[in-house]
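This report describes a protein model for a reader who is new to structural biology. It moves from single residues to helices and the contacts between them.

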Amino acid sequence: MTAKHRFPDMADKAALRAWMAARRTETPRKSPPRTLAEFRSLQLKKLARTLQGDSDLPELPRDGDRPVLKFALDGKSVRNHRAEVSVLGDWLHTLQTAVQSVAYALDDLRQRREAGPVPGEIKRATRLFSGPVFASSYGMVLQGAPDLGQTELPGSGTEILLDRAINRLFDITDGASKESDAEEAVLDAVLPLGRRAIKQLSDLSQILASSDTNVTLTWESKTTTHRTSTFTSASAARCRKALQDARIEDASERLNGLLVGGSKLRGFIELEVDGKGLILIRTAKDDVTGILAVHTDKEVEADVHVLIARSPGGREHRSYVLIDLQDRRSASSHS
C-alpha cells in the first residue's frame, strides 16, 4: 500500500466506502477489500507489519537492553490516530496489574497468596514504562524496568520474570483467537494462575470487548527475540466469557499419601496420593528442607488449602497450599 492511499477513519463509514470504491478501479497486485470486515482484517495486518518492523517507519531506539512491548489500538475508541483517554487509561492500568498478577502466579521462588497485595519485589520486577510513540491507528511502546530484580529474586532477574508473564499473556490472547476450542485454550493457560490473575485478565478482556477495540502487541526481550499477538474485541469477548463463567471455589482437605520429594528453590513438596497421583503442594521455602529431612519416603497426613477452578464444560484445576503436615503413625496415635 503506497503512502498516497492512506487508510481513512474507520468510524467514517462513507469515507470507508468511497476508499474501497476507489481501490476497485485500480489494478493492484492483491485484491482490494470489498467489505468492512475485509478492510479491518487488512488494517490489522498492516499494524502487525508495522510492529514487526516490516514498514518504511524508522526503527525505534532501544533503551539499552531493556525489554520492549509495543502495542497498537484500533476500533471504535480510536479516531484519526487518537485514542479515547478512558479506554487507553483503563487498558494501560489493567495491563500493568494483569502482568503483575500473572508474574506473581508464575514466580516459583515464593509462596503465592490469593489475598492481599502483590509483593513489592514482583511489582518492581514487572514495571512497564511508556516510551516513544510510533505511527499506527494509535500505538505506544512500553519498556521493562532496568534489571534490578536479580538480587531481589535470586535465580530469576527482572527480565526473566517479566518475560514469562508477557509470554503467558500472549498464550492467552493467542488461545482466545482460535476459531474453535477458544474456551479450552484460554482456561488451560489461565486456571493455573489462580483467582487474582483470573480477575485481572477478565478485566483486561472486558475493556477491549466493551469498547469494540482491538490491540496488536509485539514483545522483544533477551529471552524472546520477537513475538506478536492480536487481541481483537471478538477474541477478548470470548476470553472474558470463558473467565467469567469459570467457577472459583476454596476448600480445605486432608490428604494421606507418601512424601516423595520437593524443592526448596520453588517452595513445594510432592505427595503421592492413591487415586489422585502426584500432587504438588506449595509451602514456605524455608520449611521445605526440614519437611523433607523428617518425612521423605514416609506416609504423611497433610492438611491443605485448595483453590479449585472449574469451567462450565467440567475442566478443573486445583492448587494446593500446605497448612499442616505430620507423620501418619503419629496422627493415628493421637486420634
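## Glutamate 270 and its surroundings

Glutamate 270 has a relative accessible area of 22%, so this residue is partly exposed. The model in which it is found is a predicted one. Glutamate 270 belongs to strand β9, which covers residues 268-273. Setting aside residues up to four places away in sequence, glutamate 270 touches Leu258, Leu259, Val260, Gly261, Gly262, Leu278, Ile279 and Leu280. The C-alpha atom of glutamate 270 is separated by 9.6 Å from that of threonine 296, a residue 26 places apart from it along the chain.

## The protein as a whole

The chain forms 10 helices and 12 strands. Of its 335 residues, 48% are buried. The accessible surface comes to about 16,800 Å², and carbon and sulfur atoms account for 49% of that area. Among contacts between residues at least 6 apart in sequence, 64% join residues at least 24 apart.

## Helix α3 and serine 101

How does the span of helix α3 agree with 1.5 Å a residue? Helix α3 runs over residues 85-106 and has 22 residues, so a span of 32 Å should result; the C-alpha atoms at its ends are 31 Å apart, which agrees. This helix is mostly covered, with 16 of its 22 residues buried.

Serine 101 is located in helix α3. Is serine 101 buried or exposed? Its relative accessibility is 4%, and a residue under 20% counts as buried, so serine 101 is buried. Not counting residues up to four places away in sequence, serine 101 touches Arg196, Ala197 and Gln200. These three residues are listed among the buried residues of helix α7.

## Helix α7 and its end

Helix α7 consists of 17 residues, numbered 195-211. From its first C-alpha to its last it reaches 25 Å, close to the 24 Å expected at 1.5 Å a residue. Its buried residues include Ile198, Leu201, Leu204, Ile207 and Leu208, as well as Ser202, Ser205 and Ser211.

Helix α7 is followed by aspartate 212, which lies in the loop between α7 and β6. Most residues other than glycine have a negative phi. Aspartate 212 has a positive phi of about 55° although it is not a glycine. At 21% relative accessibility, this residue counts as partly exposed.

A positive phi is also found in aspartate 297, where the value is near 65°. Aspartate 297 is placed in the loop between α9 and β11. Its relative accessible area is 57%, so aspartate 297 is exposed.

Another loop residue is threonine 224, which lies between β6 and β7. Threonine 224 counts as buried because its relative accessibility is 11%. Leaving aside neighbours within four places in sequence, it is in contact with Asp163, Asn167 and Trp219.

The table gathers the relative accessibility of the residues discussed.

| Residue | Relative accessibility | Class |
|---|---|---|
| Glutamate 270 | 22% | partly exposed |
| Serine 101 | 4% | buried |
| Aspartate 212 | 21% | partly exposed |
| Aspartate 297 | 57% | exposed |
| Threonine 224 | 11% | buried |

## Helix α8 and its partners

Two packed helices are described by the angle between their axes and the distance between the axes. Helix α8 packs against α7 at an angle of about 145°, with the axes 8 Å apart. The crossing of α7 past α8 is left-handed. From α7, the residues in this contact are Ile198, Leu201, Ser202, Ser205, Gln206, Leu208 and Ala209. They meet Ser233, Ala236, Ala237, Cys239, Arg240, Leu243 and Gln244 in α8. By class, the contact of α7 with α8 has eight nonpolar, five polar and one charged residues.

Helix α6, residues 182-190, also has a contact with α8, which covers residues 233-245. The axes of α6 and α8 come within 9 Å and cross at roughly 65°. Here the crossing is right-handed. Which residues in α6 meet α8? They are Ala182, Glu183, Val186, Leu187 and Val190, and their partners in α8 are Arg238, Cys239, Ala242 and Leu243. The residues of this contact divide into seven nonpolar, no polar and two charged. Cys239 and Leu243 of α8 appear in the contact with α6 and also in the contact with α7.

Definitions and conventions:
Residues are numbered from 1 along each chain as its sequence is written. This is a predicted model: local features need pLDDT of at least 70, side-chain atom pairs count only at pLDDT 80 or more; totals for chains, interfaces and linings use all residues. Side-chain values use heavy atoms; hydrogens and water are left out. Axes are lines fitted to C-alpha atoms, for helices over the stretch in contact, and angles run from 0 to 180 degrees between N-to-C directions. Helices (H or I, at least four residues) and strands (E, at least two) are DSSP runs, numbered from the N terminus. A crossing is left-handed if the near helix is turned anticlockwise from the far one by less than a right angle, and right-handed if clockwise. Contact means heavy atoms within 4.5 Å. Ala, Val, Leu, Ile, Met, Phe, Trp, Tyr, Cys and Pro count as nonpolar, Asp, Glu, Lys and Arg as charged, and the others, Gly among them, as polar. Buried means under 20% relative accessible area, exposed over 50%, partly exposed in between (1.4 Å probe, protein chains only). Accessible areas come from the Shrake-Rupley method with a 1.4 Å probe; for residues, only the protein chains shown count as cover. The expected span of a helix is 1.5 Å times one less than its number of residues.
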